Amino acid sequence: MPIPAFSIQPTPSNLSKWAEIYNNNDFLEDKICMPQPKHLKGLEKKNARLLHSGVEILKKSDQLPLRLSHIEIAIKDANYIVSLEDDWDSDGAIKIPSQIFNRAINFVIDYSISVFTNYNLVLVAPIISPVKDGSIDLLWETNENSLLVNIKNSFANDAFYYGVLDIRNQKNDFNGNIKTDNILSFFSIWLKEYQLES
Amino acid sequence: MGILKQIISFLSSLFGSRNTNWRVEPIPANAYLFRRIHFGYVIEDKQSSNNFRPNPSAFKDNELSCDWNKYSTPQKSLELIGKEHKPNKKNGKSEFKDFNDFFIVSFHVKQIIDNNYQQEVLHNPLLYNPVQTGSPNNRAHSLVKGEKEGNEAEEVKVRFWLSKLSKWEIFDETRFKMLDAKRKAQRP
């Protein structure tokens, strides 16, 4: 049976359809939301790897509370990024490494949960974008504020940020760098300014 | 008639440039620069009446190529894209870029200078003799250069403001939505 395009994300409600597609009972019995490489008979390794990274992301995003479902949607909308090939902008952009994409997504999830848990505040969903050097930009915006974080394409867990608290006043801004492997309280406090309007 | 025009255009591109002296000129603060934006670098804009704007990632280049309005127009900038080769060959063959994948923004040189972004605006005309297929001559070509390496936090700031300050000269929302949907349908 030909392997279908992965335009449909498997969910608990369509697991049986996916199992039917792959004709694989293990998949159904595992009760997982995304088939693991072992379930994908005949699938080329490259796609299996992409799916495997998808498994990790989906499991992590399952931790998001219901009130942060808009952030889960933004993450799913950004999944196309891992399928971009070299030269995706017709101007020499490089492919986004899956570990950098995962690092960016984990950053979004961790801080969204942290701000929600510690301050009972719901952040806006960031715009998640590829950059031509293989890094990822995260942009949180409200009507008045913006915060741009660049998750570097490097072994070190580095990110650089620039934020402005009043878009009409450039002087009311801040910038710097942070590590992405820990939640830093000062950065959570900055992020509080980027709440979803109720 | 169309073929005749193409022949004249070809001959003038071949011979016209030979005696041309495209000296580097200072770009005044009241000039405008045109910048191409690939559809992959367009985002929704929540802070203005425009529905979309270029993403800050559209300005990620240590030397940002632009066209000076003294020698170009938005339409000319767009058409020039179709005469350029993509940087990567496909199956050993060069491919031309598709100008339908791009839009054009402009920004005011004064805004870059006045806001102290530590960027220089330099005229950098491109003149190949003999003419090279895939690398068109471009008298308007200019660069926005700055210390971006080793100063990443500042670089993120500059990209952000270039994104905010630029204005659409050529943008087609319908075409963008079609291209964006096609790209996102290729997700894993």
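# A walk through chains A and B

Start at B:Ser106: leaving aside neighbours within four places in sequence, B:Ser106 is in contact (heavy atoms within 4.5 Å) with B:Tyr32, B:Leu33, B:Phe34, B:Leu165, B:Ser166, B:Lys167 and B:Glu169. Before going on, note that this is a predicted model, where local features need pLDDT of at least 70, side-chain atom pairs count only at pLDDT 80 or more, and totals for chains, interfaces and linings use all residues. Residues are numbered from 1 along each chain as its sequence is written, chains are lettered from A and ligands numbered from 1 in the order in which they are written, and side-chain values use heavy atoms, with hydrogens and water left out.

**Stop 1: B:Ser106 and its partner**

Keep B:Ser106 selected and colour by secondary structure: this serine sits in strand β5 of chain B. Helices (H or I, at least four residues) and strands (E, at least two) are DSSP runs, numbered from the N terminus. Is B:Ser106 buried or exposed? B:Ser106 counts as buried because its relative accessibility is 4%; the cut-offs are under 20% relative accessible area for buried, over 50% for exposed and partly exposed in between, with a 1.4 Å probe and protein chains only.

Now add B:Glu169. The two residues are 63 apart in sequence, yet their C-alpha atoms are 6.4 Å apart in space. Show the side chains and you'll find a polar contact of 2.7 Å joining B:Ser106 and B:Glu169. Such a contact is a pair of N or O atoms within 3.5 Å; within protein, one must be able to donate a hydrogen and the other to accept it, and residues adjacent in sequence count only if both atoms are side-chain atoms.

**Stop 2: the sheet of chain B**

Zoom out to the sheet. Which order do its strands take? Walking across, you pass β6-β7-β4-β1-β5-β8 of chain B, an open sheet of six strands with antiparallel pairing. At the edges are β6 (119-123) and β8 (167-170) of chain B, each pairing on one side only. Two strands pair if DSSP finds at least two bridges between them. Look along the sheet for its twist: neighbouring strands are turned by 40 degrees against each other on average, direction ignored.

Next, select residues 63-68 and 141-146 of chain B. These are β4 and β7, antiparallel and joined by five bridges. Among the facing residues, B:Asp67 stands opposite B:His141, and B:Cys66 has B:Ser142 as its bridge partner. Step over to β6(B), which also pairs with β7(B) in the antiparallel sense over five bridges; here B:Leu122 stands opposite B:Leu143.

**Stop 3: helices on the sheet**

Add helix α4 of chain B, residues 152-165. This helix packs on the sheet, touching β4, β5, β6 and β8 of chain B, and its direction makes about 100 degrees with that of β5(B). Axes here are lines fitted to C-alpha atoms, for helices over the stretch in contact, and angles run from 0 to 180 degrees between N-to-C directions. How many of the 14 residues of α4(B) are buried? The count is 13, so the helix is mostly covered. From first C-alpha to last, α4(B) reaches 20 Å, close to the 20 Å expected, where the expected span is 1.5 Å times one less than the number of residues.

For the whole of chain B, count five helices and eight strands. Buried residues make up 46% of its 188 residues. Of its contacts with a separation of 6 or more, 75% link residues 24 or more positions apart.

**Stop 4: across to chain A**

Switch to A:Ser129 in strand β1 (residues 127-130) of chain A. At 4% relative accessibility, this serine also counts as buried. Its side chain makes a polar contact of 2.6 Å with the side chain of B:Asn55. Leaving out residues up to four places away in sequence, A:Ser129 touches residues of chain B including B:Ile43 and B:Ser57, and in chain A A:Ile81 and A:Asp137 are among them.

Finish with helix α5 of chain A, residues 98-119. Its 22 residues should span 32 Å, and the end C-alpha atoms are 31 Å apart, which agrees. Just after α5(A) comes A:Asn120, with a positive phi near 55 degrees.

Pull back to see chain A entire: six helices and five strands, in the pattern α-α-α-α-α-β-β-β-β-β-α. Of its 198 residues, 52% count as buried.
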